[in-house]
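User: Please take a close look at one helix in this structure and at what surrounds it. I am new to this model, so explain each term as it comes up.

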Amino acid sequence: METENCRSSFELLPDEMILQVYQYLRGADILFSFYNLNHRLNRTIRDYCSQINLMNLSHQQFSSCVSTILPSISSMIRTFVLNGN
């Protein structure tokens with residue numbers, strides 16, 4: 001089966017439309033929902049998520065984010081909120 005036939009409708013959207021979807025989600029939700037699904041989404045996340053807010057995450061989500069996702073996008077992060085205090 002060809003790779004093109006396995007793509008979801010979401011993956012066929014232009015980057016601009018995906019960025020519009022991201023505007024309705026928290027940064028942490030974007031990371032957990034879309035990061036590591038494919039190279040293209042990783043690229044859009046790295047370009048979009050310059051402000052990361054990790055407040056209100058479970059311990060498991062926080063650990064996963066810090067150990068796997070943040071090292072991959074750290075050079076693009078400009079603002080990082082760990083605790084609201």
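Analyst: Of the 85 residues of the protein, 26% count as buried, meaning under 20% relative accessible area with a 1.4 Å probe and protein chains only. This is a predicted model, in which local features need pLDDT of at least 70, side-chain atom pairs count only at pLDDT 80 or more, and totals for chains, interfaces and linings use all residues. Residues are numbered from 1 along each chain as its sequence is written, and side-chain values use heavy atoms, with hydrogens and water left out.

The protein has four helices and two strands; these are DSSP runs numbered from the N terminus, helices being H or I with at least four residues and strands E with at least two. Along the sequence they follow the pattern α-α-α-β-α-β.

The helix chosen here is H3, residues 39-48, where Arg40, Leu41, Asn42, Thr44 and Ile45 are buried. Helix H1 (15-22) and helix H2 (27-34) are among what covers these buried residues. At the N-terminal end of H3, asparagine 38 acts as a cap, with a side-chain oxygen 3.1 Å from the backbone nitrogen of arginine 40.

The two covering helices also share a ring pair. A search of the whole structure finds one aromatic pair. Tyrosine 22 and phenylalanine 34 form this pair, 5.4 Å centre to centre with 55° between the planes, which is tilted; ring centres must lie within 6.5 Å, and planes under 30 degrees apart count as stacked, over 60 as edge-to-face and the rest as tilted. Because tyrosine 22 lies in helix H1 and phenylalanine 34 in helix H2, the pair ties together parts that are 12 residues apart in sequence. Both tyrosine 22 and phenylalanine 34 are buried.

How values were computed: Buried means under 20% relative accessible area, exposed over 50%, partly exposed in between (1.4 Å probe, protein chains only). Contact means heavy atoms within 4.5 Å. A polar contact is a pair of N or O atoms within 3.5 Å; within protein, one must be able to donate a hydrogen and the other to accept it, and residues adjacent in sequence count only if both atoms are side-chain atoms. Rings of Phe, Tyr and Trp (its six-membered ring) pair if their centres lie within 6.5 Å; planes under 30 degrees apart count as stacked, over 60 as edge-to-face and the rest as tilted.
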